[in-house]
Amino acid sequence: MKKIVIIAGLVFGLVVLVGAAYDYLLEMGDKTPQSSECKKCHATIYEEWSKNFHAKAWVNDQFKNASNTYSKKECLACHTAQQLAAEKDLAIRPVYKEEGVNCTTCHLRNNMIYGPYKLVAKHKAEQDVSMLQSAFCSVCHMPTYQEWQGGDAQKQCQDCHMPRVERKLVQAFPISSLVPKRMVGQHLQMYEGVFQGAASITGQKGTGTVTISLTNMGAGHNMPTGKYGDYRLVLQTTALSSGGKEVLSKEEVFSSQKGNGVPFKKTVKYEYPIQPGVGKDYKVKATLVYQRAGRPDVAVASWNAE
Ligand code: HEC
Ligand code: HEC
Ligand code: HEC
Ligand code: HEC
Ligand code: HEC
């Protein structure tokens, strides 16, 4: 009996000790851990995060310039938040500001690491099922969240921007050999696949006019969305006569700054005149290009007719 008590006591003590060894991951303020601490175990998620713009929210030139080199106080908290709170209560993280929206911004709250599951981690962790819902992102993305609410998208922000794959949560040996594979949300946000099927262009070639229709098929919000950034989709239509002469060149710009994004599942239609005398003897091409300052263009959709 005594033996059992002693062994139980030892085991309990060990569990507490091991748990406490990682309590530095729960510190906040000046002692908030850097994301490289999380990388020691969650290497794959770290790699994904470090490539997306949450990781650049503080250092990217667009923000640096627009915030007047960090002198506009009202701009700073969302771009390097200590922890999630109501928008008016967001506070700046005093350390590692250059990491922008980092692991601790989204996962560490009141000295506890929150995750969507209920796992036994090396560190203390508690479950927060709201992490799987769009409302979780709304703290900083309220205008987009409201568009999403109005659009009946069926999918949450995470379903499109953090698509799930089966893999381990931890890559570091030996812990990696003790944890099973799970369905894990990739920390991608923007990636090539998100544009697949996001928009469609159709058209109708007539005599004297060509009609182009653009539909937002797969962005669960206006296309583009956003309040602070300058995100643009440009619809370019050109037509060439059989002799190779340009008989039409038009451009429509949908921009987050102008607030004229195409709502989810909505279609916009343009009818352009073709120079007289060309008849139906022309080739037409329409393309949709995604543009953001300081980043390469992305071709999203196109339509052609001979
Ligand atoms: C603490 C505030 C905050 C939270 C919470 C947050 N975001 Fe963001 N998000 C930002 C900021 C700031 C940017 C702009 C980053 C930049 O481009 O500099 C951004 C940018 C983005 C972008 C555009 C990325 C790009 O490449 O241009 C996507 C997509 C996005 N967030 C999705 C999400 C999703 C999905 C969630 C919820 C799981 C979420 N965000 C939660 C602050 C936040
Ligand atoms: C913009 C907010 C945001 C940032 C930044 C962020 N996460 Fe997450 N994280 C989430 C959300 C939301 C989920 C739940 C996604 C899901 O399971 O579909 C999640 C899930 C996880 C999980 C549980 C596995 C899973 O996918 O469900 C781990 C572990 C994790 N994140 C670690 C990290 C680490 C490490 C970093 C920094 C390198 C980080 N996260 C940065 C929002 C964020
Ligand atoms: C010493 C290794 C280690 C370090 C360092 C570490 N974690 Fe973990 N974490 C784990 C393990 C182990 C799990 C559970 C994995 C499993 O069972 O699949 C886990 C699980 C999680 C979960 C999911 C919890 C749940 O129940 O949904 C989140 C979120 C998370 N970690 C975030 C972080 C963040 C943020 C950091 C950095 C501040 C961090 N971790 C640092 C080992 C670590
Ligand atoms: C059905 C899939 C889907 C859902 C749901 C979704 N998005 Fe998107 N998101 C996209 C696509 C596709 C793009 C790129 C095209 C576009 O809108 O410009 C995008 C782009 C973005 C951008 C970059 C600005 C822009 O328009 O290019 C942000 C920020 C963003 N999403 C945030 C969110 C947030 C926050 C939520 C949840 C409230 C959400 N998204 C829900 C598919 C989705
Ligand atoms: C409520 C949180 C919040 C506040 C406050 C905020 N931002 Fe942002 N910022 C975001 C989010 C979320 C995004 C990405 C989507 C969007 O534009 O809505 C973003 C994106 C940006 C971008 C685009 C970055 C890129 O990669 O192109 C710039 C520039 C920017 N913000 C500047 C500012 C400035 C300047 C202010 C102050 C006037 C400010 N932000 C205040 C949340 C915020």
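**Exercise 1. Which helix gives the largest share of the shell around ligand 5?**

Before we start, keep in mind that this is a predicted model. Now, step by step.

- Step 1: look at the shell itself. There are 21 residues around ligand 5, and C75, C78, G226, Y228 and G229 come nearest.
- Step 2: look for elements that contribute repeatedly. Helix 4 (61–66) and helix 5 (73–79) each supply at least two residues of this shell.
- Step 3: pick the top contributor. Helix 5 provides the largest share, four residues.
- Step 4: check the chemistry. Around ligand 5 you'll find eight nonpolar residues, eight polar ones and five charged ones.
- Step 5: zoom out to the domains. Domain 1 (2–190) and domain 2 (194–305) each put at least three residues into the shell around ligand 5.

**Exercise 2. Work out what surrounds ligand 4, and where those residues come from.**

- Step 1: begin with the shell. Ligand 4 has 26 residues around it, the closest being C157, C160, A198, G220 and P224.
- Step 2: find the elements involved. Helix 8, helix 9 and strand 8 are the ones that give two or more residues to this shell.
- Step 3: choose the main giver. That's helix 9, with four residues.
- Step 4: sort by type. The shell around ligand 4 splits into 15 nonpolar, nine polar and two charged residues.
- Step 5: ask about domains again. At least three residues of the shell around ligand 4 come from domain 1 (2–190), and at least three from domain 2 (194–305).

**Exercise 3. Find two cis peptide bonds and place their prolines.**

- Step 1: try F173 and P174. The peptide bond joining them is cis, with omega about 5°.
- Step 2: place P174. You'll meet P174 in the loop between strand 4 (164–167) and helix 10 (175–178).
- Step 3: move on to M223 and P224. Here the peptide bond is cis as well, and omega is near 0°.
- Step 4: place P224. This proline belongs to the loop between strand 7 (209–216) and strand 8 (231–241). You've met P224 already, among the closest residues to ligand 4.

**Exercise 4. Q154 and Q189 have positive phi values. Describe the surroundings of each.**

- Step 1: take Q154. Its phi is near 70°, and Q154 isn't a glycine.
- Step 2: locate Q154. Look in the loop between helix 8 (142–151) and helix 9 (157–161).
- Step 3: count neighbours. Q154 has 7 other C-beta atoms within 10 Å, so Q154 is exposed; the cut-off for that label is 12 or fewer.
- Step 4: take Q189. Phi is about 65° here, again in a residue that is not a glycine.
- Step 5: locate Q189 and count. Q189 sits in the loop between strand 5 (182–185) and strand 6 (199–205). With 19 other C-beta atoms within 10 Å, Q189 counts as partly exposed, because buried would take 20 or more.

**Exercise 5. Trace the four-stranded sheet from edge to edge.**

- Step 1: write down the order. The four strands run 9-8-11-12 in an open sheet, with antiparallel pairing.
- Step 2: name the edges. Strand 9 (246–255) and strand 12 (298–305) each pair on one side only.
- Step 3: note the turn. On average, neighbouring strands of this sheet are turned by 10° against each other, ignoring direction.
- Step 4: zoom in on one pair. Strand 11 (residues 282–292) and strand 12 are antiparallel and joined by seven bridges.
- Step 5: find one bridge. V289 has A299 in strand 12 as its bridge partner.

Notes. Residues numbered from 1 in each chain as written. Chains lettered and ligands numbered in written order. Predicted model: local features only at pLDDT ≥ 70, side-chain atom pairs only at ≥ 80, totals over all residues. Near = placed C-beta within 6 Å. Nonpolar A, V, L, I, M, F, W, Y, C, P; charged D, E, K, R; others polar. Domains from an automatic or database assignment. Pairing = 2+ DSSP bridges. Axes fitted to C-alpha atoms, helices over the stretch in contact; angles between N-to-C directions.
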